[in-house]
Amino acid sequence: MKGLDDNYLSMDNTLAIKGIFVVLIFLSHIRTYTSFDFVLDTATIKLIDLMSQLVVTMFLFYSGYGIYESIKTKNNYIQNFPKHRIGYVFMNLILGLSLYMILNIFIHKSYPIENIILSFIGLKSIGNSSWFMFAILILYITAYLSFRIFKKPKQAIMSVTILSIVYVLTMTYFEYSPRYSCTHLCFALGMWYSYYHHSIDAFLKNKMSSYYFITIGIGILMILSAVIISNIGEIGYFSNLLYNIIAMFFSLFIVFCSMKISFCSRILIHINDYAYMFLFLTILILVVLVEFMNAISTKSRDKFLV
């Protein structure tokens with residue numbers, strides 16, 4: 001592609017990129033329930049291990065970007081935000097929990113009452129991937145309050161950024177899994193990118209050499225940060241914030257690559273459109289199959305012993 005793609009942040013392109021990461025997330029869940037023995041399988045697993053929590057970064061980045069783009073262009077968007085965004089996420093969480101509760105009854109699996117209660121806000125799990133829903137709820141509430149309180153967009157985005165850092169430090173202090181917070185700042189980064197979007201594009205289009213220099217620089221900084229964090233033995237404030245920095249570099253690297261490489265694909269777009277239901281139902285089916293196979297194995301062993 002000659003020059004930069006003007007549509008690199010179009011709906012179709014961003015949905016397709018998210019579709020790629022949906023596939024990676026799907027494979028990371030699949031590996032929990034099955035083994036990978038072939039050469040290509042092993043390579044895929046190594047890729048998933050290497051990326052770790054980075055597979056969710058683009059969902060957070062594009063969410064932050066899309067929300068601020070909507071704030072700029074749609075009337076009463078923030079006023080309707082609790083219903084259209086926060087309410088939608090919460091309903092998905094409730095739907096997922098309901099199905100998991102039915103499944104747990106079916107497979108005779110129980111959880112402490114504390115887990116069940118806190119699972120309704122995503123702080124605990126009853127088999128589902130609760131952390132992402134909790135992180136999204138916090139981000140959406142943070143964005144809503146910030147843009148309701150502050151009338152100037154820059155102040156509101158700064159509020160989202162500061163509150164996100166406070167969230168990361170708080171979750172680290174209470175020793176929650178790093179998954180809850182290690183990519184959290186990508187959402188605020190997406191908002192900042194939306195705020196400076198046109199200035200960034202104008203600068204890069206006038207200086208193509210700067211585009212390559214910045215893209216390569218982001219890649220190098222991402223790798224150096226990853227090397228540093230790999231040598232940190234324990235999870236703490238510094239490592240959690242550093243992983244957020246790696247996640248932000250990774251997000252920017254993907255965005256800058258998309259300026260030159262078109263990822264647009266109808267298949268990937270459809271994968272992303274049905275991502276939640278696809279992943280959710282797949283995990284449910286796998287859990288049922290694993291329980292079923294374990295039951296058969298137990299019966300066969302008991303019969304053999306008799």
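The exercises below work through helices, a surface patch, aromatic pairs and salt bridges in this structure.

The model is predicted, so local features need pLDDT of at least 70 and side-chain atom pairs count only at pLDDT 80 or more, while totals for chains, interfaces and linings use all residues. Residues are numbered from 1 along each chain as its sequence is written, and side-chain values use heavy atoms, with hydrogens and water left out.

**Exercise 1. The chain and helix α7**

Determine how many helices and strands the chain has, and test whether the length of α7 agrees with its residue count.

Step 1. The chain comes to 13 helices and 0 strands, where helices (H or I, at least four residues) and strands (E, at least two) are DSSP runs, numbered from the N terminus.

Step 2. The expected span of a helix is 1.5 Å times one less than its number of residues. For the 21 residues of α7 this gives 30 Å, and the end C-alpha atoms are 30 Å apart, which agrees.

Step 3. Residues of α7 that are buried include Ala 156, Val 160, Ser 164 and Val 168; buried means under 20% relative accessible area, exposed over 50%, and partly exposed in between (1.4 Å probe, protein chains only). Among the elements that cover the buried residues of α7 are α3, α6, α8 and α11.

**Exercise 2. The nonpolar surface patch**

Identify which residues form the nonpolar patch, and which helix supplies the largest share.

Step 1. Patches are made of residues with over 30% relative accessible area and no salt bridge, like charges being joined within 9 Å and nonpolar side chains (Val, Leu, Ile, Met, Phe, Trp, Tyr) within 5 Å.

Step 2. Ile 165, Leu 169, Tyr 173, Phe 174 and Tyr 237 form the patch, with about 510 Å² of accessible area together, computed by the Shrake-Rupley method with a 1.4 Å probe, only the protein chains shown counting as cover for residues.

Step 3. Helix α7 (residues 153-173) gives the largest share, 3 residues, whereas Tyr 237 lies in helix α11 (residues 237-258) and is partly exposed at 41% relative accessible area.

**Exercise 3. Aromatic pairs**

Describe the geometry and the setting of the pair formed by Phe 81 and Tyr 140.

Step 1. Rings of Phe, Tyr and Trp (its six-membered ring) pair if their centres lie within 6.5 Å, and planes under 30 degrees apart count as stacked, over 60 as edge-to-face and the rest as tilted. A search of the whole structure finds 19 such pairs.

Step 2. Phe 81 and Tyr 140 are edge-to-face, with 5.6 Å centre to centre and 75° between the planes. The pair links distant parts of the chain, with Phe 81 in helix α4, Tyr 140 in helix α6, and their positions 59 residues apart.

Step 3. Phe 81 is buried at 1% relative accessible area, and Tyr 140 is buried at 6%.

**Exercise 4. Salt bridges**

Work out what the salt bridge of Lys 205 and Asp 6 ties together.

Step 1. A salt bridge is a side-chain nitrogen of Lys or Arg within 4 Å of a carboxyl oxygen of Asp or Glu, and the structure holds 3 of them.

Step 2. The side chains of Lys 205 and Asp 6 meet at 2.2 Å, N to O. Lys 205 lies in helix α9 and Asp 6 in the segment before α1, so the pair ties together parts that are 199 residues apart in sequence.

Step 3. Lys 205 is partly exposed at 42% relative accessibility, whereas Asp 6 is exposed at 55%.

Definitions and conventions. Contact = heavy atoms within 4.5 Å.
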